[in-house]
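Visitor: I should like a close look at a single part of this model, a helix and the way in which its surroundings are arranged. Please set it in the context of the whole as you proceed.

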Amino acid sequence: MSEILPRPTPPAVESVVESPAGSAVRPDPPAAIVLAFRCWLAGVVLVVLALPVLLLTGMGELTADVWRRVHLADPEVPDQAHSDFGFFLLPVVLLVLLLVPAWFFVAGAMRLREGNPAGRTALAGLAVPGLAFVLGSAWSLFSGVVFVARSAAVVWTASTAGVTVVALVAMYRPSASEYLREVGE
Amino acid sequence: MTQDPSRQPDQPSRYQAEQYPQAQYPQAQYPQAQYPQSQYPAPYPQGYPQASPVHGGYPAMRGVDQRTVVVKRPVAVSVGSVFWLLTALSWPVGTVVRLAVERPPSSFGTIVTLFVTGCLAIGGIVGAVYFHNGSHQARLVLCGSWFVVEIVALGMLVSALRETVEAGTLAVLVARLAFPLVAAVCGFLPGTRHHFSGS
């Protein structure tokens with residue numbers, strides 16, 4: 001004997017996305033998580049790509065300063081660069097070196113977007129050396145240790161520190177915490 | 001109550017069709033075939049409680065055992081976790097120690113070195129925590145990534161030994177080489193396999 005079946009109801013939540021397995025549902029990340037994710041990626045781009053390019057703009061002054069110091073230490077050395085090619089490798093070396101911490105930031109941001117609470121914890125920890133690096137770089141840019149245009153240094157420092165702080169605040173918004181609590185369990 | 005004699009047993013009644021016009025009756029569309037059950041035995045015992053998926057639990061255990069059975073962490077894993085933490089901290093702390101001992105002139109390279117080693121430490125600490133909690137991926141990733149870092153540490157030690165080196169600097173360079181070796185060996189000692197079998 002057949003039973004009376006209830007009327008099938010359409011899915012109430014339109015934002016749910018089925019996983020590839022089709023068994024579990026995962027809500028879309030809230031705007032705060034998306035904002036934090038994009039800000040972390042922007043910070044990575046600003047540090048890994050923009051900073052070496054920024055250093056390239058002051059390479060002429062750096063070359064002249066190094067050769068002036070060499071000449072002061074040993075007057076036999078002429079006060080002129082024989083080959084400046086080595087100096088132009090410095091930003092490339094810096095870029096390769098900065099790819100190591102960049103990988104940690106990108107991995108943490110992707111975990112955060114997936115809803116893994118450990119990603120947020122790791123990013124909060126990475127924010128400490130990150131902000132310290134921005135402050136140290138700002139000191140280097142403004143004190144003459146690194147030769148760059150002052151306006152470019154101001155823009156780089158403000159934008160990098162800004163996106164870092166925004167990302168840090170956004171991933172601790174209540175909606176972000178609720179998303180991590182819901183998906184992470 | 002009278003029934004329509006022309007209605008088939010799997011068809012809905014008139015009342016059901018009026019109240020639920022869009023309802024799907026899978027019994028009517030897909031009548032269940034009657035297979036001889038004795039020829040197709042179930043792949044697992046039917047009367048036993050099945051393992052329930054517990055996040056972070058051990059798949060070989062039933063759901064109730066996930067909360068009532070305590071799996072003792074091997075001592076080698078605990079020692080390995082401590083050494084992975086020491087390995088992670090040896091890079092930023094070692095950089096600070098070298099700066100205090102050698103007192104080089106302040107430069108942008110020092111700031112970059114502190115930043116890179118600081119991020120390396122954060123990644124190492126996260127990996128050590130996962131290692132401590134029984135993640136076999138963390139065990140492999142820690143060994144693989146630190147193999148690359150060990151090459152850098154070995155190069156730094158060899159270049160430092162070519163000239164006069166301070167005792168503090170030498171201690172830092174040796175510690176960076178020794179800590180991950182001890183941690184990797186501890187993570188693969190006999191008796192540690194079951195700790196990583198849950199992931």
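Guide: The part chosen is helix α5 of chain B, a run of 25 residues whose first and last C-alpha atoms lie 36 Å apart, close to the 36 Å expected at 1.5 Å a residue. The model is a predicted one, and every value given here is computed from it. The helix covers residues 108-132 of chain B. After α5(B) comes G134(B), which has a positive phi, near 100 degrees. Helix α6 of chain B then occupies residues 136-161.

The packing of these two helices can be considered next. Two packed helices are described by the angle between their axes and the distance between the axes. For α5(B) and α6(B), the axes come within 7 Å and cross at roughly 140 degrees. An angle over 145 degrees would count as roughly antiparallel; α5(B) and α6(B) are therefore oblique to each other. The crossing in which α5(B) passes α6(B) is left-handed. On the α5(B) side, the residues in contact are G127(B), Y130(B) and F131(B), and they meet A138(B), R139(B), V141(B) and L142(B) of α6(B). Sorted by class, this contact contains five nonpolar residues, one polar residue and one charged residue. An α-helix has 3.6 residues a turn, so residues three or four places apart point the same way.

G127(B) also serves as a reference point for a residue elsewhere in the chain. T68(B) is 59 residues from G127(B) along the chain, and 28 Å separates their C-alpha atoms. T68(B) belongs to helix α3 of chain B, residues 65-68. Because it has 9 C-beta neighbours inside 10 Å, T68(B) counts as exposed.

A further link leads from α5(B) to helix α7 of chain B. The cover over the buried residues of α7(B) includes α4, α5 and α6 of chain B. Those buried residues are V172(B), L173(B), R176(B), F179(B), P180(B), A183(B), A184(B), C186(B) and G187(B). The 21 residues of α7(B) should span 30 Å at 1.5 Å a residue, and its end C-alpha atoms are indeed 30 Å apart.

One of the covering helices, α4(B), can be described in greater detail. Helix α4 (residues 75-102) and helix α7 (residues 167-187) of chain B have axes that come within 8 Å and cross at roughly 165 degrees. That angle makes α4(B) roughly antiparallel to α7(B). Their crossing is left-handed. The contact of α4(B) with α7(B) divides into 16 nonpolar, seven polar and three charged residues.

These elements belong to a chain with seven helices and zero strands. Read from the N terminus, the order in chain B is α-α-α-α-α-α-α. Of its 199 residues, 24% count as buried. Among contacts in chain B between residues at least 6 apart in sequence, 68% join residues at least 24 apart.

Chain A provides the remaining context. Its secondary structure comprises six helices and two strands, in the order β-β-α-α-α-α-α-α along the sequence. Buried residues account for 25% of the 185 residues in chain A. Among contacts in chain A between residues at least 6 apart in sequence, 73% join residues at least 24 apart.

A helix pair in chain A may be set beside those already described. Helix α4 (residues 117-143) and helix α5 (residues 150-170) of chain A pack at an angle of about 165 degrees, with their axes 10 Å apart. α4(A) and α5(A) are therefore roughly antiparallel to each other. Here too a handedness can be given: α4(A) passes α5(A) in a left-handed crossing. The residues of α4(A) that take part are A127(A), G130(A), L131(A), V134(A), A138(A), L141(A) and F142(A), and their partners in α5(A) are A153(A), T157(A), T160(A), A161(A), T164(A) and L168(A). By class, the contact of α4(A) with α5(A) holds nine nonpolar, four polar and no charged residues.

One residue of chain A completes the account. W40(A) is placed in helix α1 of chain A, residues 31-57. Because 29 other C-beta atoms lie within 10 Å, W40(A) is buried. Leaving aside residues up to four places away in sequence, W40(A) touches F105(A), A109(A), L123(A) and A167(A).

Notes:
Residues numbered from 1 in each chain as written. Chains lettered and ligands numbered in written order. Predicted model: local features only at pLDDT ≥ 70, side-chain atom pairs only at ≥ 80, totals over all residues. Axes fitted to C-alpha atoms, helices over the stretch in contact; angles between N-to-C directions. Helix = DSSP H or I, 4+ residues; strand = E, 2+ residues; numbered from the N terminus. Parallel < 35°, antiparallel > 145°, perpendicular 65-115°, else oblique. Left-handed = near helix turned anticlockwise from the far one by under 90°. Contact = placed C-beta atoms within 7 Å. Nonpolar A, V, L, I, M, F, W, Y, C, P; charged D, E, K, R; others polar. Expected span 1.5 Å × (residues − 1). Buried ≥ 20, exposed ≤ 12 C-beta atoms within 10 Å, placed from the backbone.
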